[in-house]
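Trainee: Got a minute to look at this one with me? I'd like to talk through the helix packing.

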Amino acid sequence: MDHQASSFFFGLSWPALIAFAVALCAAALCIWRAARPRQRPGTPNRLQHAHDLIQALDQYCEWVEAQRQIAFFTDESTHPDSPLGRARMIKQAHFPELSQAMVELLMAHTALVDFFWSQQVQRMKAPDAWSAATDHATYLALRQRMLDAVRHMAECCRDLVGDVPMPAALRGGMNTLTA
């Protein structure tokens, strides 16, 4: 009677039945992973994310250029919906290979933000003496550093997914040293 109570299905004991169920689940998982379609680096979905990243970088370049023209600087780039925030989220979710390029961009961004804050402080301390041209060479050097970081990130993105457009700031006028 004890023997019949310890067997459940086809004469298997509970521990054997549980081991059999675990083995079936593991086999089903292996078959599912092998049979599911895999995304290759140049697939349309990843390509769309690359285009979104380039668009965010393009909008970030425009944001940097606009900061030079505004009266009072506020660093909104840390918000997730800012162009730089979107670029960071896209990179994190879809292009972890671009981590080093993003670090370079963030370092350039930090230097630019420091510059904009110092310009604002100077403007507030001595509005009559302050001129936008006072530190134009510094701004141009920092902006070129940022553009180089954006170019590096865009080129790395191209290496990963294929042909994507470069941000507009890199295709024309904005990357010259006379802007």
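Trainee: How do helix 4 and helix 5 run relative to each other, roughly parallel or roughly antiparallel?
Mentor: Roughly antiparallel. Helix 4 and helix 5 pack at an angle of about 165°, with axes 11 Å apart. Angles over 145 degrees count as roughly antiparallel; they run from 0 to 180 degrees between N-to-C directions, with axes fitted to C-alpha atoms over the stretch in contact. Helices here are DSSP runs (H or I, at least four residues), numbered from the N terminus.

Trainee: Is this a predicted model, and what gets filtered?
Mentor: Predicted, yes: local features need pLDDT of at least 70, side-chain atom pairs count only at pLDDT 80 or more, and totals for chains, interfaces and linings use all residues. Residues are numbered from 1 along each chain as its sequence is written, and side-chain values use heavy atoms, with hydrogens and water left out.

Trainee: Which residues of helix 4 meet helix 5?
Mentor: Leu84, Ala87, Arg88 and Lys91. Their partners in helix 5 include Met102 and Leu105, where contact means heavy atoms within 4.5 Å. That contact divides into five nonpolar, two polar and two charged residues.

Trainee: And what about helix 5 with helix 6, what's the angle?
Mentor: About 160°, with the axes 9 Å apart. Helix 5 covers residues 99-125 and helix 6 residues 136-161, and the two are therefore roughly antiparallel.

Trainee: Who touches whom there, say which residues of helix 5?
Mentor: Among them are Met102, Leu105, Phe115 and Phe116, while helix 6 brings Tyr139 and Leu142, among others. The split is 15 nonpolar, two polar and three charged.

Trainee: New topic: how many aromatic pairs are there?
Mentor: Four in the whole structure, counting rings of Phe, Tyr and Trp (its six-membered ring) with centres within 6.5 Å. Ring pairs link Phe115, Phe116 and Tyr139 into a cluster.

Trainee: Where is confidence lowest and highest?
Mentor: Lowest in helix 1 (residues 2-6), with a mean of 51, and highest in helix 4 (residues 83-94), at 94. That's pLDDT, the predictor's confidence in each residue, from 0 to 100. The chain's mean is 81.

Note on methods:
Parallel < 35°, antiparallel > 145°, perpendicular 65-115°, else oblique. Nonpolar A, V, L, I, M, F, W, Y, C, P; charged D, E, K, R; others polar. Phe/Tyr/Trp six-rings, centres within 6.5 Å; stacked < 30°, edge-to-face > 60°.
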